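Reader: I'm new to this and keep tripping over the vocabulary. Could you show me how the words get earned?

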Amino acid sequence: MLDLAPLYALDALEGPELAGFEAHLATCGECLSILDVYRGAAANLVHDATASEDTWAQISAAISDNDAGGVAMPAPSRRSDPWRWVAGLAAAAALLLAGVLVTQLTRGSQLTDRGIVASAARAADEPGAISGDFLVDDMTVAQVVLASDGRGFVIPTEDLATLDPARTYQLWVINDTEDVISAGVLGPDPEPATFTWAGAVSGFALTRESAGGVVSSAGDVVAVLTDF
Amino acid sequence: MALTLVSADDIRLSPRGIQALVTDQRSDEAHLVQGVVDRDEAALESIYRAYGGAVKSLARRVLSDSTLAEDVVQDVFVTFWNSPGKFDATRGSLRTYLLTIAHRRAVDVVRSEVARTRREENTPPPGPGLDLESEIWQRSQSEIVRNAVAQLGEDERRAISLAYFSGMTYVEVAKTLEEPEGTVKSRIRSGMRKLSDVLGEVAP
């Protein structure tokens, strides 16, 4: 396994090798130590440059918005259980989700709702696919399917309450480094939709947001899905 | 509090001098990280001004798209603001930590179908004839980095460059270079071992 550390440091692994090495890392201090050395070496190859003022202005605005919403900080821990804080989402009113992309999930451009549902069902049976249910009070409010090639599907049920038009549901992907990234907005009255995601996935979250979606959520969480 | 980067000239110091600079830098970093924990936006701004350019540089290189790279930069620093406790100074520098996050995010994006299409529209795929890596190596700022890179064979440089700066898996690198996967794995391993012998513990 030690031989995979340099490739992992470059994010050059994928599939079973990636999953196997990450599982090994959780129990091997030697590999973790050498990985840190390789990461340091790789980082030294990156040249420094002047940071953009415009980008800082956007970052400053984003964190101000977050703090105005009453963000709670996750407990400091480098090797924390990825789900220690996520598991508390449903009960925590002030937990932050930060994402890169805010996009409207695709609906019905090529597929009807029924077609999306059928495609999702087929994708769920494909090798390497993951799927699960968002549960609220033991009721399924939406199903998520992610095929190994990155095709994703969200299938809401009639138990998902319709929101005020000024609000929207938003889907988030939780990757293998505990980062929570927006997969797209679903609208106030979601119907079957598709999304695209590539990379490791540890879970999904469904939140309520302002219409149009947000880059960082104040944490009005509907449900979290970590069980596939 | 401003964070002072170790410059290329500083790197020419003795090993003890380098260690002293690194120690000073880590001390500054610890102070700034604590500032972020304490919700001091000025601390985050100092960190951004020290490392935001490098984060953007890496993201831009991997994504070949300035807009997507900006998204990654913002996400890296907003994420750090939200979870500064994830940074463990005993495992490396803050710069390395932020660049590790940035690279992972950029790779996640670049391997998504949408971004892949966008990249293919914007840039030709790197191939054996593209002298991508020489540009990267020449832009390395410090003498110690250039010397470390000079120890690599051309095949090692090319494989590491495609993996790190183009966001490719080693399987994709092998296809690009039309080499067996095992050969590419070996080149990346041997090249990274050489680099880590010199660069693994030293700030840029």
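Author: Sure, let's go through some terms one at a time. This is a predicted model, where local features need pLDDT of at least 70, side-chain atom pairs count only at pLDDT 80 or more, and totals for chains, interfaces and linings use all residues. Residues are numbered from 1 along each chain as its sequence is written, while chains are lettered from A and ligands numbered from 1 in the order in which they are written.

Reader: What makes the pattern of chain B a row of α's?

Author: Helices are DSSP runs of H or I with at least four residues, strands are runs of E with at least two, and both are numbered from the N terminus. Chain B has 10 helices and zero strands, so by that rule its pattern reads α-α-α-α-α-α-α-α-α-α.

Reader: Why is β5 of chain A called a partner of β8 of chain A?

Author: Two strands pair if DSSP finds at least two bridges between them. Eight bridges join β5 (residues 167-174) to β8 (residues 203-210) in chain A, so they pass, and they run antiparallel. In β8(A), A205(A) is the residue opposite W172(A).

Reader: Why are β6 and β10 of chain A said to stand at the edges?

Author: The open sheet has four strands in the order β6-β5-β8-β10 (chain A), with antiparallel pairing. β6 (180-187) and β10 (221-225) of chain A each have a single partner strand, so one side of each is left without a neighbour in the sheet.

Reader: How do you know which residues belong to a nonpolar core?

Author: They must be buried Ala, Val, Leu, Ile, Met, Phe, Trp, Tyr or Cys, joined through C-beta atoms within 7 Å. Buried means that 20 or more other C-beta atoms, placed from the backbone, lie within 10 Å of the residue's own (12 or fewer is exposed, in between is partly exposed). The largest core has 74 residues, and A106(B) is one of those touching the most other members. From α2(B) comes the largest share of this core, 12 residues. Another core, of 36 residues, lies apart from it and includes F195(A) and W197(A).

Reader: What makes two residues count as in contact?

Author: Their C-beta atoms, placed from the backbone, must lie within 7 Å. Leaving out residues up to four places away in sequence, A106(B) touches L58(B), A59(B), V62(B), L63(B), V72(B) and G167(B). Between the chains, the contact takes 65 residues from chain B and 52 residues from chain A. α3(B) gives the largest share of the side of chain B that touches chain A, 11 residues.
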